[in-house]
Amino acid sequence: MKYSEKVMDHFTNPRNVGEIEDADGVGVVGNAKCGDIMKMYLKIEDDVITDCKFKTFGCGAAIATSSMATELVKGHTIEEALKLTNQVVVEALDGLPPVKVHCSVLAEEAIKTAVADYYKKIGRPVDFEIEKEHDEE
């Protein structure tokens, strides 16, 4: 399986690894079939994601997509973060092998799940869909 240089860079030098103790939103998603589990932590001030960290148990592509997703939403508004699609993550990494695209879907879900958690904590309705990745590959 061939990975792009960007995937290898984010796998070997992942950005934003760790957890945020007093996170405003936390999202946990996983794919039972492949065993990847992602936990995303968001720090939010005035609707802007000021910090984003992750912990991922999984393959290199899962770690790389988590890392890239945190880079893509950090410093952006919640609205912008909710527009993050797995395709954007894949393109930012210069592509993923087809069998690893599900990792980018998990990264998108983890961000949206963390935002949904934040919305619930502040009493704001969750007015967006979280696409659930299915184990039908």
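I began with N31 and looked up its bridge partner in β2, which in this predicted model is D36. Further along the pair, I found V29 of the first strand set against M38 as its bridge partner in β2.

I then took the two strands as a whole: β1 and β2 run antiparallel and are joined by seven bridges. Their hairpin has four residues between the strands, and there I noted that G35 takes a positive phi near 85 degrees.

Next I sorted the residues of β1, which spans residues 25–31, by face, and found G25, G27, V29 and N31 on the covered one, with V26, V28 and G30 on the uncovered one. Both residues whose partners I had looked up, N31 and V29, thus belong to the covered face.

I moved on to β2 (residues 36–45) and β3 (residues 48–57), which pair in the antiparallel sense over nine bridges. Within this pairing I looked up L42 and found it opposite C52 in β3. The hairpin of β2 and β3 has two residues between the strands, and D46 takes a positive phi near 50 degrees in it.

With both pairings noted, I wrote down the sheet, which is open, has three strands in the order β1-β2-β3, and pairs them antiparallel. Because β1 and β3 stand at the edges and have a single partner strand each, one side of each is left without a neighbour in the sheet. I also recorded the twist, which averages 15 degrees from one strand to the next.

I then asked which helices lie on these strands. Helix α5, residues 101–122, packs on the sheet and touches β1, β2 and β3, with a direction that makes about 145 degrees with that of β1. Helix α2, residues 60–73, lies across β2 and β3 and runs at about 175 degrees to β3.

My last entry concerns the cysteines, for which the count of disulfides comes to zero. I checked C59 and found it in no disulfide, the nearest cysteine sulfur being that of C103, 3.8 Å away. Why is the sulfur of C103 not bonded to that of C59? The two sulfurs are 3.8 Å apart, which is too far for a bond, since a disulfide needs a pair of cysteine sulfur atoms within 2.5 Å. I also looked up whether C103 is buried or exposed, and noted that C103 is buried, with a relative accessible area of 0%.

Notes:
Residues numbered from 1 in each chain as written. Predicted model: local features only at pLDDT ≥ 70, side-chain atom pairs only at ≥ 80, totals over all residues. Heavy atoms only, no water. Buried < 20%, exposed > 50% of the residue type's maximum accessible area, 1.4 Å probe, protein only. Pairing = 2+ DSSP bridges. Axes fitted to C-alpha atoms, helices over the stretch in contact; angles between N-to-C directions. Contact = heavy atoms within 4.5 Å.
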